[in-house]
Amino acid sequence: QARPLTRYLPIRKEDFDLKTHIESCGHTVDMCHHIILTQKMCKGYLTKMGGKIKSWKKRWFVFDRLKRTLSYFIDKHETKLKGVIYFQAIEEVYYDHLRSAAKKGFFHLSLANQISDFLPSQFRK
């Protein structure tokens, strides 16, 4: 059974500290050298299912609470934006427990007109 992560969102308090919140949930952020986490932003690689060509693509993602966007780039050194998802367009986010049995960390992001599938890059074989 999928549990929507969006039921806990949005947290609209301006003084909300993303890093403290994630650490208070029991995650050891200092051990995750593949991500960058601050009070307002999280950056790291995810593997996403392509839109036109249905294949997995590794992309550098930036979750920005100030801009209220989830942006992605070809890699972390790229400056040209590959895509952006605005928070208000997100209908639901959920961790897929059934698909995560084979591929850890698999989750869906449901927008008004599409569903995107994501997988943390370190779990992609």
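Let me start with the contacts of Ile35. Leaving aside neighbours within four places in sequence, Ile35 touches Val29, Lys43 and Gly44. Keep in mind that this is a predicted model. Ile35 sits in strand S2, which covers residues 35-37. Is Ile35 buried or exposed? Neither label fits: Ile35 is partly exposed, at 26% relative accessible area. Now take Phe61. Ile35 and Phe61 are 26 residues apart in sequence, and their C-alpha atoms are 9.7 Å apart in space.

Next, the partner of S2. That is strand S3, residues 41-49. The two strands run antiparallel, joined by three bridges. Leu37 stands opposite Cys42 in S3. S2 and S3 form a hairpin, with three residues between them.

Stay with S3 and look at its other pairing. S3 is also joined to strand S4, residues 56-64. How many bridges join S3 to S4? Nine, and again the strands run antiparallel. Met49 has Trp56 as its bridge partner in S4. This pair of strands forms a hairpin too, with six residues between S3 and S4.

Cys42 came up a moment ago, so let me turn to the cysteines. How many disulfides does a search of the whole structure find? Zero. Cys32 is in no disulfide, and its nearest cysteine sulfur belongs to Cys42, 9.1 Å away. Why is there no bond from Cys42? The closest cysteine sulfur to that of Cys42 is in Cys32, and 9.1 Å is too far for a bond. The cut-off for a disulfide is 2.5 Å between the sulfur atoms. Accessibility for both residues: Cys32 is partly exposed at 27%. Cys42 is partly exposed as well, with a relative accessible area of 22%.

Now to strand S5, residues 69-73. Ser71 lies in this strand. Is Ser71 buried or exposed? Buried, at 11% relative accessibility. The cut-off for that label is under 20%, so Ser71 qualifies. Which residues does Ser71 touch, not counting those up to four places away in sequence? The list is Trp60, Phe61, Val62, Leu81, Gly83 and Val84. Trp60, Phe61 and Val62 fall within the residue range of S4.

S5 has a pairing with S6. The two strands pair in the antiparallel sense, over four bridges. One position to look at: Thr69 stands opposite Tyr86 in S6.

Between S5 and S6 there is a loop, and Lys76 is found there. Lys76 is partly exposed, with a relative accessible area of 45%. Which residues is Lys76 in contact with, leaving aside its neighbours within four places in sequence? Tyr45 and Trp60. On the second of these, there is a distance to quote. Lys76 and Trp60 are 16 residues apart in sequence, yet 5.3 Å apart in space, C-alpha to C-alpha. Trp60 is also on the contact list of Ser71.

On to S6 itself, residues 83-86. In a regular strand, side chains alternate between the two faces of the sheet. S6 shows that alternation. Gly83 and Ile85 point to one face and are buried. Val84 and Tyr86 point to the other face and are not buried. Tyr86 is partly exposed, with a relative accessible area of 45%.

That leads to the surface. Which residues make the nonpolar surface patch of about 260 Å²? Leu81, Val84 and Tyr86. Val84 and Tyr86 are the pair on the S6 face that is not buried. Leu81 and Val84 are also among the contacts of Ser71.

Last, the whole chain. There are two helices and nine strands. Along the sequence the pattern reads β-α-β-β-β-β-β-β-α-β-β. Of its 125 residues, 34% count as buried. The accessible surface is about 8,700 Å². Carbon and sulfur atoms hold 55% of that surface. And the contact range: take the contacts with a separation of 6 or more. Residues 24 or more positions apart account for 29% of them.

Terms used: Residues are numbered from 1 along each chain as its sequence is written. This is a predicted model: local features need pLDDT of at least 70, side-chain atom pairs count only at pLDDT 80 or more; totals for chains, interfaces and linings use all residues. Side-chain values use heavy atoms; hydrogens and water are left out. Patches are made of residues with over 30% relative accessible area and no salt bridge: like charges are joined within 9 Å, nonpolar side chains (Val, Leu, Ile, Met, Phe, Trp, Tyr) within 5 Å. Accessible areas come from the Shrake-Rupley method with a 1.4 Å probe; for residues, only the protein chains shown count as cover. A salt bridge is a side-chain nitrogen of Lys or Arg within 4 Å of a carboxyl oxygen of Asp or Glu. Buried means under 20% relative accessible area, exposed over 50%, partly exposed in between (1.4 Å probe, protein chains only). Contact means heavy atoms within 4.5 Å. Two strands pair if DSSP finds at least two bridges between them.
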